[in-house]
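Open the model in a viewer and keep the selection panel at hand. The stops below go from one selection to the next.

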Amino acid sequence: FCLFNKIIGQDGAVDALADLCYKGLGRRDRVIAESVVLVGPPSSGKTTIVKTAVEILGITSVITDATQIKNNDDLANAVMTAWAKKGLDLPGEDMEGVQLVRLPATAIMVDELHALRDSVQEGLLKATERSDGMLFSKHYILDCRNVWWIGATTHWGDLLPAFRTRFRRIDLLQPTFSEVVQMVSKSFGWDMAVSGQIVKYGGIVPRECFSFGRSVIDASKRGGLTVCEAIAQVVVREGINVHGLKRQRVRILELLLGGEMILRSLASGVGCPKQELLEHWLPPMLQEGLVEFDGKYRITELGKTKL
């Protein structure tokens with residue numbers, strides 16, 4: 001269980017999964033009977049926490065993305081491939097050309113669970129029902145009664161109500177500034193002062209912050225610079241001001257200071273494609289609480305303070 005110590009923050013989620021792992025280790029078959037969905041903002045550590053739990057249990061895992069699952073066949077094939085990679089051939093019983101396979105303890109994690117088509121969610125209702133547990137596909141019928149189903153999503157409400165009843169919801173929080181500083185220090189080996197500078201300019205969304213940190217390392221190696229010199233170079237190159245705001249973010253906040261805006265108007269004012277705003281600029285600003293969205297985008301009090 002000391003493996004959970006490498007996870008910084010998310011104490012509530014870690015405690016919940018540690019309890020489930022404790023119960024699973026108490027069983028000879030290592031089966032976890034309670035399916036869960038981790039709900040939280042992007043880059044809040046959902047996949048890391050799941051991988052840690054699976055490592056503790058020592059069971060086979062299948063980690064996939066909902067965008068890769070168009071039907072039950074895709075999921076069944078992913079499960080069988082994961083077991084094949086372990087060099088284990090699961091025995092099957094021929095059922096008129098379809099193989100009935102009874103899965104041993106297996107963790108199946110579906111990231112971005114809300115992106116599953118409604119038809120796929122409906123198709124998985126039997127598979128995720130503990131008393132039924134059957135996943136039907138063209139070539140396989142998988143007996144999933146020993147499967148630990150794990151979902152990860154940023155949009156719990158987008159799941160079908162019947163599908164939501166199959167899972168216990170576990171919430172994750174956006175990491176704080178100090179928690180991300182600890183993550184950076186632990187991952188890159190920098191002291192807390194340097195790590196604080198990385199987070200100041202890279203932001204508190206870990207994925208973006210780590211990307212900034214890697215850019216600093218590259219700049220340091222290429223130019224023979226100290227870390228602080230490399231930070232200064234990357235800050236200039238990426239157009240980040242002394243307060244840790246990129247020019248594009250400043251422009252977005254300045255526009256929203258004039259009032260709420262729909263995406264099309266915001267994109268026109270910023271001068272970049274709508275897709276770029278949606279995929280790159282707005283998500284971290286929403287996560288950091290600089291901007292909020294309720295049909296239209298508006299600047300928050302924190303955003304005004306930052307600006």
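Select strand 1 (residues 36-39) together with strand 8: they run parallel and are joined by four bridges. Within this pairing, V37 has G151 of strand 8 as its bridge partner. Keep strand 8 selected and add strand 5 (residues 106-111), which pairs with strand 8 in the parallel sense over five bridges. Here A107 stands opposite W148 of strand 8. This is a predicted model.

Now show strand 8 (residues 147-153) alone with its side chains. Which of its residues point one way, and which the other way? V147, W149, G151 and T153 point one way, while W148, I150 and A152 point the other way. That fits a general pattern: along a regular strand, side chains alternate between the two faces of the sheet. Seven of the seven residues of strand 8 are buried, so the strand is largely enclosed by the rest of the structure.

The next stop is an open sheet of four strands, in the order 3-4-7-6 and with mixed pairing. Strand 3 (92-95) and strand 6 (134-136) stand at its edges; each has a single partner strand, so one side of each is left without a neighbour in the sheet. From one strand to the next, the twist averages 20°. Zoom in on strand 3 and strand 4 (residues 98-102), which run antiparallel and are joined by four bridges. G92 is the residue to label here, standing opposite V101 of strand 4. In general, strands of a sheet pair through backbone hydrogen bonds, either parallel or antiparallel.

Add helix 3 (residues 72-85) to the view. Helix 3 lies across strand 4, strand 6 and strand 7 (140-143), and runs at about 65° to strand 7. Then select W83 and K86: K86 lies over the face of W83, at 5.4 Å from the ring centre.

Move on to the aromatic side chains. The structure holds four aromatic pairs. Start with F188 and W190: their ring centres are 4.8 Å apart and their planes are at 15°, so this pair is stacked. Next, add F210. The ring centres of F188 and F210 are 5.6 Å apart with the planes at 70°, so this pair is edge-to-face. F188 belongs to helix 6 (residues 177-188) and F210 to helix 8 (residues 206-223), so the pair ties together parts that are 22 residues apart in sequence. With these three selected, F188, W190 and F210 can be viewed as one aromatic cluster.

Are these rings buried or exposed, given that buried means under 20% relative accessible area? W190, at 13% relative accessibility, counts as buried. F210 is buried as well, with a relative accessible area of 19%. F188, at 21% relative accessibility, counts as partly exposed.

Finally, clear the selection and display the whole chain. Its secondary structure comes to 13 helices and 11 strands. The C-alpha atoms fill a box of roughly 65 × 40 × 35 Å, taken along the principal axes. Of the 307 residues in the chain, 49% are buried. Colour by atom type on the surface: the chain exposes about 15300 Å², with 51% of it supplied by carbon and sulfur atoms. Among contacts in the chain with a separation of 6 or more, 63% are between residues 24 or more positions apart.

Terms used
Residues numbered from 1 in each chain as written. Predicted model: local features only at pLDDT ≥ 70, side-chain atom pairs only at ≥ 80, totals over all residues. Heavy atoms only, no water. Phe/Tyr/Trp six-rings, centres within 6.5 Å; stacked < 30°, edge-to-face > 60°. Buried < 20%, exposed > 50% of the residue type's maximum accessible area, 1.4 Å probe, protein only. Helix = DSSP H or I, 4+ residues; strand = E, 2+ residues; numbered from the N terminus. Lys NZ or Arg CZ within 6 Å of the ring centre and 35° of its normal. Pairing = 2+ DSSP bridges. Axes fitted to C-alpha atoms, helices over the stretch in contact; angles between N-to-C directions. Contact = heavy atoms within 4.5 Å. Areas by Shrake-Rupley, 256 points an atom, 1.4 Å probe, with all protein chains shown as cover.
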